[in-house]
Amino acid sequence: MSKDRIRILVILGELVVICVLALVILTPKNSVTSVNADTVEVVRASHEGGILPPGEERTAGVTAEDEETSDVKEGEDEALDTSVLRENSTDKAYPTRDSATGMEIPYRAGGIPGNPGHGGGIMSEETTIEVEVGNADVGKYMSSGIGVTGGSAPENEAALKAAMYDYDAAIDIIKAIPDFDKSEELKATVREYEAARDKLVQWEDNTQISHLFVHSLIVDTARAFRKGSSQPVGYNKYMTTVGEFKAMLESLYEKGYVLVSMHDIAERYVDADGVEKLRKKPIYLPAGKTPFVLSQDDVNYYAYMDNDGFADRLVIGEDGRPTCQYTDTDGTVSYGEYDVLPIVDNFLLKHPDFSYRGAKGILAVTGYEGALGYDTGWHMYDRDNPEEAAKLKEQQEAAKAVADAIKADGWEFASHSYTHTDMKTNSLDKVKYDTDKWEREVEPILGETDLYIYPFGSDICDWRGYKGDKYEYLKKAGFWYFCNVDASRYWIQIKDGYMRMGRINADGERMVKTPNKLDYFFDSAKILDKTRPALE
């Protein structure tokens with residue numbers, strides 16, 4: 001063979017290799033083949049992120065100096081439309097103090113998703129979720145991405161409703177399918193759902209429902225507990241690790257617990273006299289199942305947690321679902337199960353019967369250092385400066401987009417106060433100031449809520465019930481459901497004008513010092529992360 005012919009063949013071979021490599025590189029990541037078309041869905045999670053706050057029993061309030069900076073003149077409040085949403089982080093550092101340590105901490109320099117200030121940009125992460133089909137074929141759940149293939153879209157939607165014990169809704173969906181009357185198969189499905197519905201039993205006592213809560217989850221214990229960490233002792237006491245939380249969910253599921261909303265326990269209604277009140281709402285579950293509520297406090301991603309092994313913030317992925325951004329020690333940014341929301345969402349992909357009619361959890365948010373990982377506090381900016389005002393607006397809009405996606409995903413928001421100070425010891429004037437600021441700055445982002453979770457779990461009244469000016473002001477602000485912290489298995493009051501619910505902290509201190517309080521839910525000794533330092 002001549003040298004020229006050999007040279008031509010070599011060149012052709014090189015071209016083939018180049019083409020193959022180009023195809024590999026250019027093939028989109030979402031072109032993943034389903035592992036099992038009947039039980040598996042590939043969910044792509046691509047999101048961007050923020051930063052969040054510490055434990056509940058630790059304070060995260062603002063100092064008197066902060067109150068001066070954040071206290072806005074009434075004229076300025078009215079001039080700046082409160083429907084304006086949040087914006088990009090400023091390049092300036094606005095100092096505040098952590099009230100637990102007294103240490104001055106800077107606000108994070110930031111940016112909207114995709115901007116380098118917050119470690120932005122978009123990274124895709126593919127997660128293969130095996131959907132375990134329980135009491136019905138699990139179908140497409142549009143808001144949270146739950147689904148398997150097989151069946152029409154309405155049939156899949158009905159199957160998911162049935163898996164979450166909402167059989168009446170499932171039946172209505174099937175009956176609305178065109179030519180239902182001519183389909184024996186669809187009629188058989190309705191009979192199946194009716195039979196399953198008729199086996200449900202009403203939960204005996206709505207005042208005997210537990211409520212577990214956690215704070216931000218530790219992703220990297222080495223970073224959180226290291227000597228140079230912001231608050232290694234506080235993290236050890238008041239935080240839960242990602243691994244611990246996942247193990248908790250597994251245990252809760254195995255023990256037959258099912259997520260419910262506080263609105264499932266008691267509902268608002270208008271009586272015959274036109275007066276709005278609360279009343280117990282029936283909960284129907286299979287025999288052996290136990291309802292419980294889940295919440296997470298301080299979903300703000302505070303600046304002092306930067307570089308300490310926590311998620312950065314909540315973001316929206318390419319699939320439209322909320323998730324978390326996380327920055328590793330080397331600056332690598334990734335997206336996925338780095339905090340409560342995406343972990344629960346993915347758990348429900350596998351176990352939709354862990355949720356009662358789509359209930360997920362409550363995210364409690366303050367405002368003194370923004371929300372959801374975005375720098376949305378008005379006092380973080382010179383709002384008389386057009387550039388600064390534009391940054392605020394940009395951050396507000398970014399945060400609101402994330403909040404809207406979170407609500408569409410089935411989660412609920414609660415006020416956790418604006419300043420994270422003790423509402424029990426605060427004066428009435430401070431309660432008013434705090435409530436007004438949350439309503440002015442945070443509510444336009446998260447939307448209206450009737451849920452209030454006290455900072456430090458410190459309730460404004462004792463066990464005998466609510467009365468007084470503080471309660472009246474919070475009620476006037478639109479709050480009906482209130483949560484404190486109580487070590488009892490459950491503690492609930494349901495009155496005409498309010499519902500109060502005690503919560504149990506599932507954190508390091510509880511698992512180490514009084515693990516028996518958690519025995520109803522899981523074995524703390526088996527769950528506790530072995531990399532935790534000894535508690536002081």
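**A cavity, three helices and some loop residues**

Visitor: Which elements each supply at least two residues of the lining of the largest cavity?

Guide: Strand S6 (210-214) and helix H9 (242-254) each do so. Keep in mind that this is a predicted model.

Visitor: Which of them gives the largest share of that lining?

Guide: H9 does, with three residues.

Visitor: And which residues line the largest cavity?

Guide: The lining consists of Leu212, Val214, Phe245, Met248, Leu252, Leu294 and Ala506.

Visitor: How many of the lining residues are nonpolar, polar or charged?

Guide: Seven are nonpolar, and there are no polar and no charged residues in the lining.

Visitor: How much space lies in the largest cavity?

Guide: About 40 Å³. With a cut-off of 30 Å³ or more, the count is one cavity.

Visitor: Back up a bit. How many helices and strands does the chain have?

Guide: The protein chain has 16 helices and 22 strands. Of its 536 residues, 53% are buried.

Visitor: What share of the contacts with a separation of 6 or more comes from residues 24 or more positions apart?

Guide: Such pairs account for 73% of those contacts in the protein chain.

Visitor: Let's do helices. Which residues of H4 are buried?

Guide: In H4, residues 153-163, the buried ones are Asn156, Ala158, Ala159, Leu160, Ala162 and Ala163.

Visitor: What covers them?

Guide: The cover includes helix H5 (167-175) and helix H6 (184-198).

Visitor: Which residue with a positive phi follows H4?

Guide: Tyr165, with a phi near 70 degrees. Most residues other than glycine have a negative phi.

Visitor: On to H6. Which residues are buried there?

Guide: Leu186, Thr189, Val190 and Tyr193 are the buried residues of H6. They lie on the same side of H6, because the arc they cover around the axis is only 100 degrees.

Visitor: Why would residues three or four places apart point the same way?

Guide: An α-helix has 3.6 residues a turn, so residues at that spacing face the same way.

Visitor: Which exposed residues sit on the face of H6 turned away from its buried side?

Guide: Glu184, Glu185 and Asp198 are carried on that face. As for the buried residues of H6, what covers them includes H4 and H5.

Visitor: What span should H6 have, going by its residue count?

Guide: H6 has 15 residues, so at 1.5 Å a residue it should span 21 Å; its end C-alpha atoms are 21 Å apart, which agrees.

Visitor: What about Arg197, where is that?

Guide: Arg197 is in helix H6. Its relative accessibility is 29%, so Arg197 counts as partly exposed.

Visitor: What does Arg197 touch, not counting residues up to four places away?

Guide: Tyr167, Asp168 and Ile171. In addition, the C-alpha atom of Arg197 is 8.7 Å from that of Pro286, although the two are 89 residues apart along the chain.

Visitor: Changing topic to the loops. What is the phi of Arg357?

Guide: Arg357 has a positive phi of about 55 degrees although it is not a glycine. Arg357 is in the loop between helix H11 (340-350) and strand S17 (362-365). At 39% relative accessibility, Arg357 counts as partly exposed.

Visitor: And the phi of Phe456?

Guide: Phe456 has a positive phi of about 65 degrees, and Phe456 is not a glycine either. Its loop runs between strand S19 (451-453) and helix H14 (469-476).

Visitor: Where is Asn307?

Guide: Asn307 is in the loop between strand S13 (290-296) and strand S14 (313-316).

Visitor: Buried or exposed?

Guide: Asn307 counts as exposed, at 56% relative accessibility. Leaving aside neighbours within four places in sequence, Asn307 is in contact with Arg223 and Arg226. Asn307 and Gly331, 24 residues apart in sequence, are 9.6 Å apart, C-alpha to C-alpha.

Visitor: Last one, Leu518. Buried or exposed?

Guide: Leu518 is buried, with a relative accessible area of 0%. Leu518 is found in the loop between helix H15 (508-513) and helix H16 (524-527).

Visitor: What does Leu518 touch, not counting residues up to four places away in sequence?

Guide: Leu518 touches Leu212, Ile504, Asn505, Ala506, Arg510, Met511 and Ser524. Leu212 and Ala506 are also among the residues that line the largest cavity.

Definitions and conventions: Residues are numbered from 1 along each chain as its sequence is written. This is a predicted model: local features need pLDDT of at least 70, side-chain atom pairs count only at pLDDT 80 or more; totals for chains, interfaces and linings use all residues. Side-chain values use heavy atoms; hydrogens and water are left out. On a 1 Å grid over the protein atoms alone, a cavity is a set of points where a 1.4 Å probe fits but cannot get out, and a pocket is an open set with protein on both sides within 12 Å along at least five of seven lines; lining residues have an atom within 4 Å of a point. Grid points are joined across faces, edges and corners, and a volume is the space filled by probe spheres set on the points. Helices (H or I, at least four residues) and strands (E, at least two) are DSSP runs, numbered from the N terminus. Ala, Val, Leu, Ile, Met, Phe, Trp, Tyr, Cys and Pro count as nonpolar, Asp, Glu, Lys and Arg as charged, and the others, Gly among them, as polar. Buried means under 20% relative accessible area, exposed over 50%, partly exposed in between (1.4 Å probe, protein chains only). Contact means heavy atoms within 4.5 Å. The expected span of a helix is 1.5 Å times one less than its number of residues. The arc is that of the directions from the helix axis to the C-beta atoms.
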